[in-house]
Amino acid sequence: MIQSTMMSFPLTLTHFLDRAERYYAKTEIVSRLPDRSIHRYTYAAFAKRAKQLAESLLRAGLNPGDRVATLMWNHYAHAEAYFGIPATGGVLHTLNLRLPPNDIAYIINHAEDRFLIIDDVLLPLLEQFRDQVSFERIFVVPLTGQPVNPTRYESYEDFLATATGRFLAPSIDENEAAAMCYTSGTTGRPKGVVYSHRALVLHTLMEVTPDALNLSNQDAILPLVPMFHVNGWGFPYAGAMVGAKQVYPGPHLDPESLLELIDREGVTVTGGVPTIWLGVAEALECFPKRWNIKGTRVVSGGAAIPEGTIRKLEANGCHVLHAWGMTETTPLASTNFLKKTMNDLTEDEKIKLKTKQGIAVPFVEARIMREEGEAAWDGKAMGELEVRGPWITSSYYRQPETASSFSKDGWLRTGDIATIDEEGYIKITDRTKDLIKSGGEWISSVDLENAIMGHPAVAEAAVIAIPHPKWQERPLAAVVLKPGQTVSPEDLLAFLAPQFPKWYLPDTIVFIDEIPRTSTGKFMKAKLREQFIG
Ligand code: AMP
């Protein structure tokens with residue numbers, strides 16, 4: 001054996017910050033503020049302020065590993081926190097502002113956050129749980145210019161002004177924690193995942209590659225996914241590494257605001273959950289000529305995207321890129337791109353392929369497991385998806401009792417049921433707890449939902465299992481119709497019949513006004529089960 005001659009150089013996020021400052025000083029970061037005005041500055045100003053934040057935090061006594069929470073929308077100051085906090089050796093802890101106040105308080109206490117950086121517009125939310133938490137200091141970002149009670153809060157701007165401008169980055173080991181997020185926890189308490197510098201850096205290097213998100217200096221990136229959802233899917237780090245223009249939507253996530261921003265700022269890549277794309281596709285249908293968004297790459301993840309939505313977006317000149325991941329996987333773990341050997345597929349086959357979640361990205365390994373062992377990659381056998389890799393968590397923060405989330409040989413059990421086809425494309429068919437087990441066969445609620453949403457009168461559909469004396473479980477479909485549309489359950493069944501075996505079809509179809517959703521845009525099936533099973 002001989003020793004390598006390579007340098008030992010730590011993979012830390014601070015490198016991206018230095019790089020952005022040095023090479024991309026003139027590139028813009030654009031943010032929409034709560035009053036809809038636009039804030040604009042360059043990477044030069046951004047890096048200066050991120051370093052001022054880091055220096056001020058160190059002067060305030062932040063120690064390596066200390067948690068600094070953020071309660072913020074997507075904008076420039078949140079991006080500063082993304083870099084400024086980890087640059088000190090501290091840990092950025094992004095709080096999900098859509099969770100119930102009690103849950104946010106639980107998470108803050110569980111993580112033992114020392115400081116908080118918060119948007120002024122979110123202070124009313126903090127007031128709802130302020131007596132349950134004890135931050136040492138709270139810094140308020142003045143987005144509106146409204147006066148803030150100085151006896152309760154400090155100004156983020158005044159805090160930055162305490163810096164001398166001579167930030168000396170401490171040396172950080174790449175395995176130290178840089179950020180943490182809690183799972184959205186549709187059942188049970190949220191669980192914490194802690195990301196190391198190394199994991200985030202490797203994730204970024206992977207994310208920009210052509211068969212992943214294909215990000216480069218030529219791009220303008222609009223992360224619609226909240227920055228409190230799994231590192232904003234890595235967009236802020238990837239954007240800084242390649243020096244792409246970044247555009248942040250602030251709290252304005254309605255389709256028209258987004259489309260206007262994409263058009264006006266020349267956005268080339270955007271990413272978010274299917275609920276957003278559903279709305280965007282509808283807006284494009286209503287006003288086909290209003291915005292020019294041709295060529296925009298639309299990254300969709302977080303939940304299954306209906307085939308109809310993919311078709312509509314592509315008909316408007318967008319390119320849909322379907323990706324899969326979790327809080328536990330930093331998040332990007334699989335991406336859907338067409339292999340060169342598949343160029344001969346018809347356009348229809350290509351769209352159908354896009355409904356799959358794609359193949360595991362480099363350095364993520366995937367398998368599907370059943371009780372009897374690993375299932376075949378034949379596109380038919382369903383099993384629980386398990387993954388491993390350098391940015392996949394191997395435990396939860398201060399939760400020793402979560403061993404069942406990992407296989408005996410150390411893979412993450414995702415709780416997703418999937419098939420993998422001969423080409424390696426993963427298709428998520430369900431969450432373990434949402435799968436419908438009918439007479440020994442498995443019925444995919446996602447397949448049924450997609451097919452129902454293919455009916456022209458249907459806006460949305462969620463399928464759940466209801467107990468059955470003979471078959472154990474049978475599907476019930478809860479359907480939301482488009483405004484002014486009608487269709488009978490019989491007609492809907494007749495529409496589905498040619499697409500599935502008879503036993504797959506729902507026993508019951510009910511019409512409802514709205515499908516309940518979680519804070520990160522997933523169907524909240526537990527709520528539907530409560531409603532229809534009791
Ligand atoms: P979260 O930790 O909130 O990001 O949720 C992760 C879960 O979201 C996964 O385990 C999946 O159940 C679901 N999910 C993420 N991406 C997709 C996708 N592209 N298609 C279907 N489900 C997805």
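**Cavities inside the predicted model**

The largest cavity has a volume of about 130 Å³. Its lining is made up of 15 residues, and those closest to the centre of the cavity are Asn96, Leu99, Tyr182, Thr183 and Phe228. The structure examined here is a predicted model, and a helpful way to start exploring it is to look for enclosed space. Rolling a probe the size of a water molecule over the atoms shows where empty space is left. In this case the count comes to four cavities of 30 Å³ or more.

Several elements of secondary structure meet at the largest cavity. Strand E4 (91–94), helix H4 (101–111) and strand E8 (177–182) each contribute at least two residues to its lining. As for chemical character, the lining of the largest cavity holds seven nonpolar and eight polar residues, while charged residues are absent from it.

The second largest cavity comes next, with about 50 Å³ of space. Its lining consists of Ala304, Ile305, Thr355, Gln357, Lys427, Ile428, Val446, Asp447 and Asn450. Here, strand E21 (426–431) and helix H13 (445–453) each provide at least two lining residues. Helix H13 gives the largest share of this lining, namely three residues. By class, the lining of the second largest cavity comprises four nonpolar, three polar and two charged residues. Charged residues thus have a place in the lining of the second largest cavity, whereas the lining of the largest cavity has none.

How values were computed. Residues numbered from 1 in each chain as written. Predicted model: local features only at pLDDT ≥ 70, side-chain atom pairs only at ≥ 80, totals over all residues. Heavy atoms only, no water. 1 Å grid on protein atoms, 1.4 Å probe; cavity = no way out; pocket = protein on both sides within 12 Å on 5 of 7 lines; lining within 4 Å. Points joined across faces, edges and corners; volume = space filled by probe spheres on them. Helix = DSSP H or I, 4+ residues; strand = E, 2+ residues; numbered from the N terminus. Nonpolar A, V, L, I, M, F, W, Y, C, P; charged D, E, K, R; others polar.
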